[in-house]
Amino acid sequence: MKGRPDDLGTFETERDAYAAALTEWAQRQADALLDRADAKADGPPDFYDLWAAQSPERQAQLAALMLSYGFRLAQIGAWSVLGVWNPDADGWSAEVMEAWLAAAAETHAAQYEQAAYTTATAAVREEGDWRENLREGLNSWVVSAGVRAVTAATEARSFGSHDAAGASGLTHKVWRTGSSPRPEHARLNGDSVELGQTFANGLRWPGDSNGRADETAGCNCRLDYTREGG
């Protein structure tokens, strides 16, 4: 008999740990870039040499961090469904989620890496002291780690619950808004669609990476599930 892993926390505690870990990682990268940039005495550095050239190794490290948290959050989402509909987890295995979560982590890591490079190169082109501009730009990038983690956490929980619902024979999903929802998401509260369909906003689930950032960033909505006729 399978059961929910004992070491899994609540969604909130795991989400907050994810945000803290990603912010800490981003701060280390920003500090290292600033140190290398400050060594330049003859104008702004070439950020390809300072940042992009090392991107594959750093991006792989970031993807691994995101996968580790994403897998835990996906299991939390899955067990929120399994605990109600399929407590023995018949027909479901956590391992089947890993490939999808790994691909999602790689995508998120690539996007966050690119955001750092774009931020750095844009900052030094602005008027004023390029070092100060770079510090301010990278500080904003570090701060954005928290929002990115919350969004990715919501997506992982949603995906996990969706995967478990399919394995448990559930047929419909219901959108439930979190606190302080966007007006568009508030209007979706209680809407039900078939498991394989998208909601009226075009999303498969809250935090869906297929959606626009203005639909997903910082979203804390969730899904409930039902079985047709029951």
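This briefing walks through the overall build of the protein chain, its surface and charges, its cysteines and one phenylalanine. Please keep in mind that the model is predicted. The protein chain has 230 residues, and its secondary structure consists of seven helices and three strands. Two cysteines, C219 and C221, and the phenylalanine F199 get a closer look below.

**Overall build**

- Following the sequence from its start, you meet the elements of the protein chain in the order α-α-α-α-α-β-α-β-α-β.
- The C-alpha trace of the protein chain spans about 70 × 40 × 25 Å along its principal axes.
- Among contacts in the protein chain with a separation of 6 or more, 77% join residues that are 24 or more positions apart.

**Surface and charge**

- Of the residues in the protein chain, 45% count as buried.
- The area that the protein chain exposes is about 11,100 Å², and 49% of that is supplied by carbon and sulfur atoms.
- Side chains that carry charge include 21 positive and 34 negative ones in the protein chain.
- The centres of these positive and negative sets lie 3 Å apart.

**The cysteines**

- A disulfide is a covalent bond between the sulfur atoms of two cysteines.
- If you go looking for one here, you will find zero disulfides in the structure.
- For C219, the closest cysteine sulfur belongs to C221 and is 3.8 Å away, which is too far for a bond, because a disulfide needs the sulfur atoms within 2.5 Å.
- Seen from the other side, the closest cysteine sulfur to that of C221 is in C219, again at 3.8 Å and too far for a bond.
- Both cysteines are tucked away from the surface: C219 counts as buried at 2% relative accessibility, and C221 is buried with a relative accessible area of 1%.

**A closer look at F199**

- F199 sits in the loop between the strand β2 (192-194) and the helix α7 (213-216).
- Although it belongs to a loop, F199 counts as buried, because its relative accessibility is 3% and the cut-off for buried is under 20%.
- Leaving aside residues up to four places away in sequence, F199 touches K173, V174, W175, L188, D191, V193, R204 and L223.
- One of these partners is L188, which is eleven residues from F199 in sequence, with 8.1 Å between the two C-alpha atoms.
- Another partner of F199 is V193, a residue within the span of β2 (192-194).

Notes:
Residues numbered from 1 in each chain as written. Predicted model: local features only at pLDDT ≥ 70, side-chain atom pairs only at ≥ 80, totals over all residues. Heavy atoms only, no water. Helix = DSSP H or I, 4+ residues; strand = E, 2+ residues; numbered from the N terminus. Buried < 20%, exposed > 50% of the residue type's maximum accessible area, 1.4 Å probe, protein only. Contact = heavy atoms within 4.5 Å. Areas by Shrake-Rupley, 256 points an atom, 1.4 Å probe, with all protein chains shown as cover. Lys, Arg positive; Asp, Glu negative; His and termini not counted. Charge placed at Lys NZ, Arg CZ, Asp CG, Glu CD.
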